[in-house]
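Here is a short tour for anyone meeting this protein for the first time. Take a look at the sequence and the model, then read on.

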Amino acid sequence: MRAPDLMHTESRCLDCGPVPPLHVPEHIGAEIVASVVDRIIAAADPPHRPSAPLWCPWPLPPGWTVTGVAYAGDDRTGVRATAVACAGPAPLGEGPADLVFVAEEPGVGLGTRFAGMVGPDPGPELAEALTDPGPGHPEHVGQARIKVAGHPTPLWLVNSPTDRSAYAGEARGLWLHAIAWPASAGHLLAEEVVLHDLTEWTPPELVYGAPSPYLHGKA
């Protein structure tokens, strides 16, 4: 990605054109989360541009930790997408697992990047998922029903590389993505997962782990 220069006022992907820059803190901890929350809130312009939610499972599943936060945007566009990464034991006892939750405005493409999908939005894949549970992913949960800010919210399985499960839906007028590694870790989303917006309140009991490799370029 190229930074703004004398010819262009926005960051640019050589393949996709203008894109909001992604900011991923190198480390994770309570102070890092607080600084990202402050940045998201400062970039909001209510009621025209409400604060982008920073969706995090709360309470965390047993043995799970928060492993990263990120946001996409700049001073000109504001925060247009956020991500929270978590890690813990896989639900089927197959070793460690990772989850990344993304909230984003249409056209940003952060969630589809982590999902390994083509295009900036999951709309075409989501339309297919409503009639097809996802060929090539026999271990996946066809539909996930989680709670977002206390409201039951369906997520649908979309096509992705076979090393992960990717789900997409909508919450608060934004795309909501949930991406799980390995693919079988998507079964965690069939359990009682509740997403809480850290910009509203950050639980002091959150536990932090090693930085997520998926936020740092592995995905």
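## A walk through the fold

Let's start at His196, a residue of strand β12. Keep in mind that what you're looking at is a predicted model. His196 has a relative accessible area of 16%, so the residue counts as buried, the cut-off being under 20%. Who are the neighbours of His196? Leaving out residues up to four places away in sequence, His196 touches Leu54, Trp55, Cys56, Trp58, Trp201 and Pro203.

Strand β12 pairs with β4 in the antiparallel sense, over three bridges. One residue to look for here is Leu195 in β12, the bridge partner of Pro57.

Now zoom out to the sheet. Ten strands make up an open sheet with mixed pairing, and their order is β3-β5-β6-β7-β11-β10-β9-β8-β12-β4. Which strands sit at the edges? They are β3 (22-23) and β4 (55-57), and each of them pairs on one side only. The protein as a whole has twelve strands and four helices.

### What's tucked inside

Of the protein's 219 residues, 49% are buried. In soluble globular proteins, nonpolar side chains tend to be buried together. The largest nonpolar core here has 40 residues, and the members that touch the most others are Leu54, Val66, Ile146, Leu176 and Leu195. Helix α1 (residues 30-43) is the top contributor to this core, giving five residues. There's also a second, separate core with 21 residues, among them Val100, Leu110, Phe114 and Ala115.

Ile146 is a handy place to see how the chain packs. Not counting residues up to four places away in sequence, Ile146 touches His151, Pro152, Thr153, Leu155, Leu176, Leu189, Val193 and Leu195. And if you take the contacts in the protein with a separation of 6 or more, residues 24 or more positions apart account for 58% of them.

### Rings and charges

How many aromatic pairs does a search of the whole structure find? One. The pair is Trp181 with Tyr214, and the two rings are stacked, at 3.9 Å centre to centre with 10° between the planes. Trp181 belongs to strand β11 (residues 174-181) and Tyr214 to helix α4 (residues 214-218), so to speak of the chain, the pair links distant parts that are 33 residues apart. Are Trp181 and Tyr214 buried or exposed? Both are buried.

Phe114, which we met in the second core, has a charge for company: Arg113 lies over the face of the Phe114 ring, at 5.6 Å from the ring centre.

Then there are the salt bridges, and the count comes to four. Three of them are set out here.

| Salt bridge | Closest N and O atoms |
|---|---|
| Arg80 with Glu105 | 3.0 Å |
| Arg164 with Asp163 | 2.9 Å |
| Asp197 with Arg172 | 2.9 Å |

Let's take them one by one. Arg80 forms its salt bridge with Glu105. Arg80 is in strand β6, while Glu105 is in the loop between β7 and α2 (110-115), so this pair ties together parts that are 25 residues apart in sequence. Arg80 has a relative accessibility of 21%, and so counts as partly exposed.

In the salt bridge between Arg164 and Asp163, the two partners differ in how covered they are. Arg164 is buried, with a relative accessible area of 9%, whereas Asp163 counts as partly exposed at 39% relative accessibility.

Asp197 and Arg172 also form a salt bridge, and this pair links distant parts of the chain: Asp197 is in strand β12 (residues 194-197) and Arg172 is in the loop between β10 (165-171) and β11, 25 residues apart. Asp197 is buried, at 3% relative accessibility, but Arg172 is partly exposed, with a relative accessible area of 45%. Salt bridges that share partners join Arg172, Asp197 and Glu200 into one network.

### Out on a loop

Last stop: Gly93, in the loop between β6 (78-89) and β7 (96-104). Is Gly93 buried or exposed? With 69% relative accessibility, Gly93 counts as exposed, because the cut-off for that is over 50%. Gly93 is also 9.5 Å from Ala185, C-alpha to C-alpha, although the two are 92 residues apart in sequence.

Notes. Residues are numbered from 1 along each chain as its sequence is written. This is a predicted model: local features need pLDDT of at least 70, side-chain atom pairs count only at pLDDT 80 or more; totals for chains, interfaces and linings use all residues. Side-chain values use heavy atoms; hydrogens and water are left out. A nonpolar core is a set of buried Ala, Val, Leu, Ile, Met, Phe, Trp, Tyr and Cys residues joined through side-chain atoms within 4.5 Å. Buried means under 20% relative accessible area, exposed over 50%, partly exposed in between (1.4 Å probe, protein chains only). Helices (H or I, at least four residues) and strands (E, at least two) are DSSP runs, numbered from the N terminus. Contact means heavy atoms within 4.5 Å. Rings of Phe, Tyr and Trp (its six-membered ring) pair if their centres lie within 6.5 Å; planes under 30 degrees apart count as stacked, over 60 as edge-to-face and the rest as tilted. A charge sits over a ring if NZ of Lys or CZ of Arg is within 6 Å of the ring centre and within 35 degrees of the ring normal. A salt bridge is a side-chain nitrogen of Lys or Arg within 4 Å of a carboxyl oxygen of Asp or Glu. Two strands pair if DSSP finds at least two bridges between them.
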